[in-house]
Amino acid sequence: MKSLMNLMKKYRGDAMIAIIATLVIAFATLWQPRILQEMITAILARDQQTVLNLGLQLIGLAVLGIVAGIINTIFSAKAAQEVSADMREKGYRKIQTFSFGNIEKFSASNLVIRLTNDINQVQMVIMSVLQQIIRIPVLFLGAFILAILTMPKFWWVIVIMLVLIVAVSMFSFTRMGKYFEKLQTTLEKNNTLARENLMGMRVVKSFVQEQNQINKFSKSSDEMTETTIRIGNLFSILMPAFFLIGDLAVAGSILLVGTMVTDDPSMIAAIQAFISYLMQILFAVVMGGFMMTGASRAFVSLGRLQEIYDTEPDLTFPHVAETPLSGDVAFNHVTFTYPGDDQPVLRDISFTVQAGEMIGIVGATGSGKTTLAQLIPRLYDPDSGEVLVGKRDIRQVNEKSLREAVSFILQRSTLFSGTISHNLRQGKEDATLDDMQWAANVAQAAEFIEKLDDQYDAKVEERSANFSGGQKQRLSITRGVIKAPAILIMDDSTSALDARSEKLVQEALGKELKGTTTFIIAEKISSIIKADRILVLDQGRLVGEGTHHELVNQNAVYQEIYRTQKALEEV
Ligand SMILES: Nc1ncnc2c1ncn2[C@@H]1O[C@H](COP(=O)(O)OP(=O)(O)OP(=O)(O)O)[C@@H](O)[C@H]1O
């Protein structure tokens with residue numbers, strides 16, 4: 001709430017205009033029955049001039065109400081949009097500072113929902129608050145006082161009506177609040193299911209999982225429908241109940257006043273004003289109830305956003321001067337556990353790599369190869385031990401220096417929608433066409449890029465759907481090598497390339513990036529057979545280090561991997 005108020009401060013001008021406009025609307029609404037009452041009295045007295053004057057006043061009041069309504073809508077929408085845009089940006093900026101661990105704690109789809117749905121929720125409530133917050137109490141109090149002033153004897157009609165409305169409201173709105181909360185959770189579940197299904201459509205289709213997915217989605221969608229129906233049911237009772245109470249109050253008042261009209265005709269004018277005020281009281285209470293329900297939903301959303309704002313990145317870089325880092329890498333007794341887990345994934349790993357070496361990393365699936373590689377660009381910090389890059393503990397190094405030094409080509413290539421050059425410039429901001437061509441040649445991507453109509457300006461569609469798996473990998477490698485980094489990590493990033501292309505990439509790397517330290521994580525020993533040194537991982541431990549020749553003769557784990565792969569090749 002405090003952070004919302006802080007954000008609102010910036011737009012207090014717009015908010016104030018919106019609030020002043022609601023005051024004008026409330027005044028116009030409250031004054032109308034009063035003028036009508038005077039008009040009817042003048043009609044009964046056959047005073048045409050007064051009728052005309054009052055008629056003009058009535059039109060003036062209506063115009064004032066409409067103009068104030070327009071101003072209020074414009075400024076409340078503007079303030080609500082501006083505040084929610086700021087909230088979205090603040091959240092987005094905060095998420096950019098998150099570590100992998102922070103993001104995993106929330107989950108990516110949960111963060112997306114918080115930045116879209118929850119912010120929409122808050123936006124709608126800000127708008128409705130700016131439209132109603134002053135209007136409701138002013139209308140309620142004004143109508144209450146004016147109704148009593150108009151027909152003092154009937155104060156108890158108002159009190160009975162209010163007691164009934166409050167009872168119905170408490171019954172319905174408290175239930176509605178609970179259903180709205182449930183709706184939010186089911187909506188989140190539905191979104192996650194839809195996202196997962198659409199992103200994994202190929203898997204769904206290839207494993208003929210359509211029916212399963214439909215069943216899962218239907219179940220969650222039915223839950224949502226049921227909650228929505230319950231909310232609808234409450235509404236369908238609530239609105240007629242309010243109108244019934246209002247109508248009963250009106251009918252009761254007319255009945256009570258009926259006998260007096262013959263003695264005092266001015267009672268006709270008074271009763272119409274009284275009825276109008278009753279309706280305004282009813283309106284104010286109902287709108288107040290809706291606003292409170294909306295506000296309670298928005299509070300839940302606000303809390304969810306506040307969690308993002310309050311999360312401190314669990315990995316920060318020191319503000320020290322930028323320094324170029326060499327390609328020397330060392331691990332000193334590194335042990336690492338993923339946030340939230342209780343078992344370490346890497347245990348007491350130590351090794352040293354000289355700048356310019358080509359290092360292969362092998363091990364069974366799940367042995368910790370990717371995890372080890374992720375510690376080099378400091379995507380996570382170890383529990384104990386230290387990682388050195390350029391002979392410096394990376395916890396003491398400026399973030400930019402480390403990012404400049406290390407290029408990490410991920411197992412799953414991720415390209416962004418835009419153009420090829422836009423993606424390549426993520427690797428080197430000021431890359432020229434020459435740089436792109438050079439890197440594409442190293443990655444064996446030049447041939448297919450140059451066949452495209454727009455070449456380096458060719459479009460990359462959402463999720464790079466217009467490129468094959470092998471092309472995506474080549475583009476990722478191009479982006480990774482374009483800045484000729486001091487350290488290049490290739491995490492199984494040639495898996496979609498044929499053996500010949502893989503060999504050509506490695507040869508080009510050896511020739512064009514001579515000074516670069518290269519880590520190649522590979523499933524196949526054939527991919528790292530020529531490495532200067534190979535690190536062998538087994539269940540998070542470094543169990544061997546040496547050339548292929550040395551390991552194949554001495555290391556049991558390596559021999560086992562080699563034998564299995566050889567046997568498979570022979571089959
Ligand atoms: N983000 C994560 N959070 C928690 N545990 C993880 C995470 N990523 C990996 N793990 C676990 O850490 C262990 C090592 O995983 P890692 O991806 O490093 O293995 P790998 O040797 O690269 O496997 P593969 O060859 O299959 O890619 C596995 O048991 C895995 O389940």
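What average pLDDT does the protein reach, and what percentage of the residues score at least 70? In this predicted model, the protein averages a pLDDT of 85, and 97% of the residues score at least 70. Among the elements of the protein, strand β1 (residues 329-336) has the highest mean pLDDT, at 94, whereas helix α8 (residues 201-206) has the lowest, at 68. Where pLDDT is low, the predicted coordinates should not be read in detail. For the complex, the predictor gives an ipTM of 0.96 together with a pTM of 0.68.

An unreviewed UniProt entry places the feature "transmembrane region" at residues 55-75, 124-148, 154-173, 234-261 and 267-290. Two of these annotated spans are set out below.

| Span | Distance between end C-alpha atoms | Helix | Strand |
|---|---|---|---|
| residues 55-75 | 30 Å | 100% | 0% |
| residues 267-290 | 34 Å | 100% | 0% |

Helix α2 (residues 12-44) packs against helix α6 (residues 135-150) at an angle of about 20 degrees, their axes being 9 Å apart. Because angles under 35 degrees count as roughly parallel, α2 is roughly parallel to α6. The crossing of α2 and α6 is right-handed. On the α2 side the contacts involve T22, L23, I25, A26, T29, L30 and R34, which meet R135, V138, L139, G142, A143 and L146 in α6.

Further along the chain, strand β11 (residues 533-538) and strand β12 (residues 541-546) run antiparallel and are joined by five bridges, with L537 having L542 in β12 as its bridge partner. β11 and β12 form a hairpin with two residues between them, and Q539 in the turn has a positive phi of about 45 degrees.

Terms used. Residues are numbered from 1 along each chain as its sequence is written. This is a predicted model: local features need pLDDT of at least 70, side-chain atom pairs count only at pLDDT 80 or more; totals for chains, interfaces and linings use all residues. pLDDT is the predictor's confidence in each residue, from 0 to 100. Helices (H or I, at least four residues) and strands (E, at least two) are DSSP runs, numbered from the N terminus. Two strands pair if DSSP finds at least two bridges between them. UniProt positions are given in the numbering used here, feature names are shortened, and annotations may be inferred rather than shown by experiment. Axes are lines fitted to C-alpha atoms, for helices over the stretch in contact, and angles run from 0 to 180 degrees between N-to-C directions. Angles under 35 degrees count as roughly parallel, over 145 as roughly antiparallel, 65 to 115 as roughly perpendicular and the rest as oblique. A crossing is left-handed if the near helix is turned anticlockwise from the far one by less than a right angle, and right-handed if clockwise. Two residues are in contact if their C-beta atoms, placed from the backbone, lie within 7 Å.
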